[in-house]
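Trainee: I'm new to this one. Could you walk me through it?

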Amino acid sequence: MVVGEVPEMVELLVIGGGPGGYAAAIRGAQLGRQVTLVERDAIGGTCLNVGCIPSKALIEVADLVWRARHGAALGVHAEVTVDMAEVRAHLVQVVDGLVGGVRQLLSASGVTVIKGDARFIRPDRVVVDEGPRVQHLEFDRAVVATGSRPTFPPGLEPDGVHVLDATGVLALERLPASVAVIGGGYIGVELGTALAKLGATVTIIEVADRLLPAMQPSLGRVVTRRLAQLGVTVRTGVAVDEVTATGLVAGGTAIDAEVVVVATGRRPNSDSFGLELTGAVVDERGLVVVDAARRATPHVLALGDLTVGPALAHKAMAEADVAARTAAGLAAAFDPAAVAQVVFSDPEVASVGLTVDEARRAGAVVRTSTFPLTASGRARTLDATYGFVEVVADGDGTVLGVHLAGPHVSELAGEAALAIEAALTTEELAATIHPHPTISEALAEAAQGVRGWALHTVARRGEAPPGGRPA
Ligand code: FAD
């Protein structure tokens, strides 16, 4: 049924209900706007439904299985069986709980939610296809948060049986005996590690010369070493030639795999919904060009995976805050000193702020210190001493970057970002009392090490302590 072309007037229209869109809608409502959110699929977007949340739930299950099966050295002997259908049901429950929570928040904030596909037909109007119904909405301001979708090289498109994307992996109800993961970025590494810990024989194939090529090499090296301990075969610097009925061929070598997982990248959803009619500019990568206030045009704002920067949920939510303020007529700018990049691999790795190389390129006199987790009491109690914390500071000791590998270091990325955002010095970080025994102590130790004051590492004879002699 076509309701007609008499548009409904909307103060703030949000297109896309992922972390960027729903956060912009709630914040917009808090700022007194009358908000309508249009989502064509599921509230929560990629992150809640098929990304961050179910993948982390699967990683936790896989870790539980692995630790139970390999606890003999700790005196734990267990027979473990895994029912993937029940695991899948658990993932669905986790997702449903969070999606339900976001729905409640939207409703409590007074946001009108429409399930439908939005398409611009004029610079100030969208048509929303709600299946049997079509509705026109005219807006004062629109926030576009349509996210991204996976891309597949030709011949590597998922078929839902032999070739899967990440969404297919998260819906598995039976564990394949063998898996070849194409792509050694964070999604491929996270999923490959989880499948291996659950009991599959896993090969990860990456065309670059190392895993996690977007992060500094030392982080990828820790993960690669650990993957070898987990029995995962890693093949880097190799391109996949073709997928076959029995697996795939990479660099001329056949690799047997019951299931092939393609995790080769994502592209922004900036096409096919008439965005060009608003005057918004899309660059050659498909990213919508915005200013610091998130404006793509005076009336259209954009954020999240649709725009430049790391395609991460917390970046999308931070941008949403700025976009909602701008839409409400307030002065706001997205200009963070650091956006943490975290990989939930084994061990977890995180990169916040500048690497040593980046700091040097930016002209800083760099002081750095690395604290190995072999010297961490907490890491020993966790039986997971692989990893380190590296602090990068400038000549004055101001923290420029923190790079972490180790158990639960994802939980330290926030503190690292705070230190960088607040321009804390290593002395201030070190003078903050970190509770014992925690991995967070390693951050304080690395900060102390920048001035040569680390307590739990010893400089080798004849060498200055890490970071140089005490000033
Ligand atoms: P999305 O979450 O993609 O939401 C966009 C929404 O817009 C979708 O719901 C879509 O249906 C809707 N939409 C699109 N077009 C229209 C239209 N025309 N009309 C109506 N609705 C429309 N990030 C992290 O920070 N941490 C992680 O651990 C993490 N893990 C991930 C694991 C996986 C397997 C994947 C795939 C991603 C992961 N991400 C992670 C990335 C994260 O999911 C994204 O960065 C985040 O979801 C981006 O949010 P967004 O709001 O920009 O877009």
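**Around the ligand**

Trainee: Which side chain has an N or O atom 3.2 Å from a nitrogen atom of the ligand?

Mentor: Keep in mind that this is a predicted model. A polar contact needs a pair of N or O atoms within 3.5 Å. At 3.2 Å from a nitrogen atom of the ligand, the side-chain N or O atom that fits belongs to D117.

Trainee: How much of the ligand's accessible area does the protein cover?

Mentor: On its own, the ligand has 1,000 Å² of accessible area. The share of that covered by the protein is 95%.

Trainee: Which residue has a polar backbone atom 3.3 Å from an oxygen atom of the ligand?

Mentor: Backbone atoms matter for this one, so to speak, and there are two to look at. A polar backbone atom of C52 is 3.5 Å from a nitrogen atom of the ligand. For the oxygen atom, at 3.3 Å, the residue is C47.

Trainee: Which element gives the largest share of the shell around the ligand?

Mentor: Several elements supply at least two residues each, including α1 (19–30), β4 (117–122) and α8 (313–327). The largest share is 4 residues, and it comes from α2.

Trainee: How many residues of the shell are charged?

Mentor: Sort the shell by class: 18 residues are nonpolar and 15 are polar. The charged ones number 7.

Trainee: And the whole chain, with what radius of gyration?

Mentor: The chain has 13 helices and 22 strands. For 471 residues the globule rule gives 23 Å, and the chain's own value is close to that, so it is as compact as a globular protein of that length. Its radius of gyration is 24 Å.

Methods: Residues numbered from 1 in each chain as written. Predicted model: local features only at pLDDT ≥ 70, side-chain atom pairs only at ≥ 80, totals over all residues. Heavy atoms only, no water. Polar contact = N/O pair within 3.5 Å; in protein donor to acceptor, adjacent residues only side chain to side chain. Areas by Shrake-Rupley, 256 points an atom, 1.4 Å probe, with all protein chains shown as cover. Nonpolar A, V, L, I, M, F, W, Y, C, P; charged D, E, K, R; others polar. Rg over C-alpha atoms; globule rule 2.2 N^0.38 Å.
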